[in-house]
There are 4 protein chains.
Amino acid sequence: MDWEIDNNKPIYIQLLEQIKLKIVSGEIPIGSKLDSVRALAQEAEVNPNTMQKALSELEREGLVFSKRTSGRFVTDDKERVDNMREDMASIQIKLLKQTLQKLGYDTSEIIELIKHNLEEE
Amino acid sequence: MDWEIDNNKPIYIQLLEQIKLKIVSGEIPIGSKLDSVRALAQEAEVNPNTMQKALSELEREGLVFSKRTSGRFVTDDKERVDNMREDMASIQIKLLKQTLQKLGYDTSEIIELIKHNLEEE
Amino acid sequence: MDWEIDNNKPIYIQLLEQIKLKIVSGEIPIGSKLDSVRALAQEAEVNPNTMQKALSELEREGLVFSKRTSGRFVTDDKERVDNMREDMASIQIKLLKQTLQKLGYDTSEIIELIKHNLEEE
Amino acid sequence: MDWEIDNNKPIYIQLLEQIKLKIVSGEIPIGSKLDSVRALAQEAEVNPNTMQKALSELEREGLVFSKRTSGRFVTDDKERVDNMREDMASIQIKLLKQTLQKLGYDTSEIIELIKHNLEEE
DNA sequence: GTGGTCTAGACCACC
DNA sequence: GTGGTCTAGACCACA
């Protein structure tokens, strides 16, 4: 697992987001066991408390659950994960649309812009 | 000018972004005079210092300049504003692309998704 | 750290300049940790906000970066610091040259003048 | 007379400095009559009050004097002007020396630097 | 009246 | 404890 941490956002949020992305994208399969907090923390070079906070948050969101003694697991609720993936995509796209509209682009221009930007490189 | 402030981001950043959007979208015309710091602060119901900070940032970005005793003005450099508009759009689109890729969508899926989401509503 | 504040310039600019000088001259080593905003402010006998403003500027210039909870550090980019040192010197010299030219001295006179003034004392 | 005004310094200071330079450099000859405040203000595109302030200041410094009804004149005290020219040069050079020393250059390095910078271009 | 600076003091999230 | 943000209120030079 590769981690990218910068100083502009709370670290635990960054951890949270990156784990979340890996779960919904399937890079971390549903039902699989996560490494220990300590191991993850070491890997990401953060304080274990910080990693702990990220995981607790994921638990709150239902993406992850812990079995008392055997560790933490990714939820095995495929539907939930799939929905989340679609929702995240949909939300991002709508936010983009909003922003571009505020910038004064109309719908047809937006489509043009996106095509142009997606194609290049 | 209408202001929307929430608690998820520093206020001065939100002010900054909203003014910026209005400038690049043309809602505030290039070369025009802005209201005084105090007036804007009152309108947005924030402390004058906070508004000042937002405007200073805009000044750093070259979107705005101040004449010490006669007020603050939007730059009259049309090209700069236009470029900034395009850049902002382009950056947003690329960020979306990145996020969707991290979510595991490939380029053709991304295009499908966007079409689907833009058309609805 | 010794501070010299007068009333001819904004305080935060003076703080900024003095810290900058100490960094580029190596008096404050690259990569080292700065005292906390509060400590520095107390030392310089200014309001913490004023010191904060000075440090934020330095951060904008890339000479310093902050880790939100562990403090502020001098950049460890030696090249950047060295370049800045050279640039600052070069700029000062060119400004001097300009001024002396405006005073009506030609290049050879300028060299004479400088020699004369540098040697004495 | 060509004027360069920016927004980073008090305008009257900029006017003052530019007139002063032109007097000590001889561009405006000693004993000569200055244009009227109104004419100068128009030329420099500033408020007459501002130009007035600059000239008053020059008067205080003894570089300029006014004859009740016939206008303002540059002092005809050649020695004073010459001294001022030399002093200004000398002060600038000493300031440069100080700055470079604070940047950590020793005297021989300073000479090298200056040679290098003066020769180029 | 304008932008700009400064202080004092408070609060917050983060680690 | 750290940096960061925000408010309230004051003062200044400039035009």
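The following legends describe close-up views of a predicted model that contains protein chains and DNA strands.

**View 1. The interface of chain B and chain A.** In this view, 27 residues of chain B are in contact with 27 residues of chain A. The area buried between the two chains is about 2,700 Å², and carbon and sulfur atoms give 69% of that area. On the side of chain B, Ile93(B), Leu103(B) and Leu118(B) lose the most area to chain A; together these residues account for 26% of what that side buries.

**View 2. Elements and residue classes on the side of chain B that touches chain A.** Between chain B and chain A there are six residue pairs in polar contact, both residues being at pLDDT 80 or more, whereas the rule finds zero salt bridges across this interface. The elements of chain B that give two or more residues to the side touching chain A are helix H1 (11–24), helix H4 (78–102) and helix H5 (107–119). The largest share, 13 residues, comes from H4(B). By class, this side of chain B divides into 14 nonpolar, six polar and seven charged residues.

**View 3. The interface of chain B and chain D.** Here four residues of chain B are in contact with four residues of chain D. Chain B and chain D bury about 260 Å² between them, with 34% of this area on carbon and sulfur atoms. Of the area that chain B buries against chain D, 94% is supplied by Ser66(B), Lys67(B) and Arg68(B), more than by any other three residues. Across this interface the rule finds one residue pair in polar contact, both at pLDDT 80 or more, and zero salt bridges. The side of chain B that touches chain D consists of one nonpolar, one polar and two charged residues.

**View 4. The hairpin of chain D.** Strand S1 (residues 64–67) and strand S2 (residues 71–74) of chain D run antiparallel and are joined by four bridges. Three residues lie between S1(D) and S2(D) in the hairpin that these strands form. The bridge partner of Ser66(D) is Arg72(D), in S2(D).

**View 5. The protein surface near DNA strand F.** DNA strand F is surrounded by 25 residues, of which Ile11(B), Asn49(B), Thr50(B), Thr69(B) and Arg72(C) are the closest. Of the atoms of DNA strand F within 4 Å of the protein, 70% belong to sugar or phosphate, and the rest belong to bases. The surface near this strand has eight nonpolar, eleven polar and six charged residues.

**View 6. Side chains and elements at DNA strand F.** An N or O atom in the side chain of Asn47(B) is 2.9 Å from a base nitrogen of DNA strand F. For Asn49(B), the distance from a side-chain N or O atom to a base nitrogen of DNA strand F is 2.6 Å. Gln52(C) has a polar side-chain atom 3.3 Å from a phosphate oxygen of DNA strand F. Elements from chains B, C and D give two or more residues to this surface. They are H1 and helix H3 (48–60) of chain B, helix H2 (37–44), helix H3 (48–60) and strand S2 (71–74) of chain C, and helix H1 (11–24) and helix H3 (48–60) of chain D. H3(B) gives the largest share, three residues.

**View 7. The protein surface near DNA strand E.** Around DNA strand E there are 24 residues, and Arg72(B), Ile11(C), Asn49(C), Thr50(C) and Thr69(C) come nearest. Sugar and phosphate account for 69% of the atoms of DNA strand E that come within 4 Å of the protein. By class, the residues of this surface are eight nonpolar, eleven polar and five charged.

**View 8. Side chains and elements at DNA strand E.** A base nitrogen of DNA strand E is 2.9 Å from an N or O atom in the side chain of Asn47(C). A side-chain N or O atom of Asn49(C) is 2.6 Å from a base nitrogen of this strand, and for Asn49(B) the corresponding distance is 3.2 Å. Among the elements that give two or more residues to the surface near DNA strand E are helix H1 (11–24) and helix H3 (48–60) of chain A, as well as helix H2 (37–44) and strand S2 (71–74) of chain B. With three residues, H3(C) gives the most to this surface.

Key. Residues numbered from 1 in each chain as written. Chains lettered and ligands numbered in written order. Heavy atoms only, no water. Contact = heavy atoms within 4.5 Å. Buried area = accessible area lost by both parts, 1.4 Å probe. Salt bridge = Lys/Arg side-chain N within 4 Å of Asp/Glu carboxyl O. Polar contact = N/O pair within 3.5 Å; in protein donor to acceptor, adjacent residues only side chain to side chain. Nonpolar A, V, L, I, M, F, W, Y, C, P; charged D, E, K, R; others polar. Pairing = 2+ DSSP bridges. Near = heavy atom within 4 Å.
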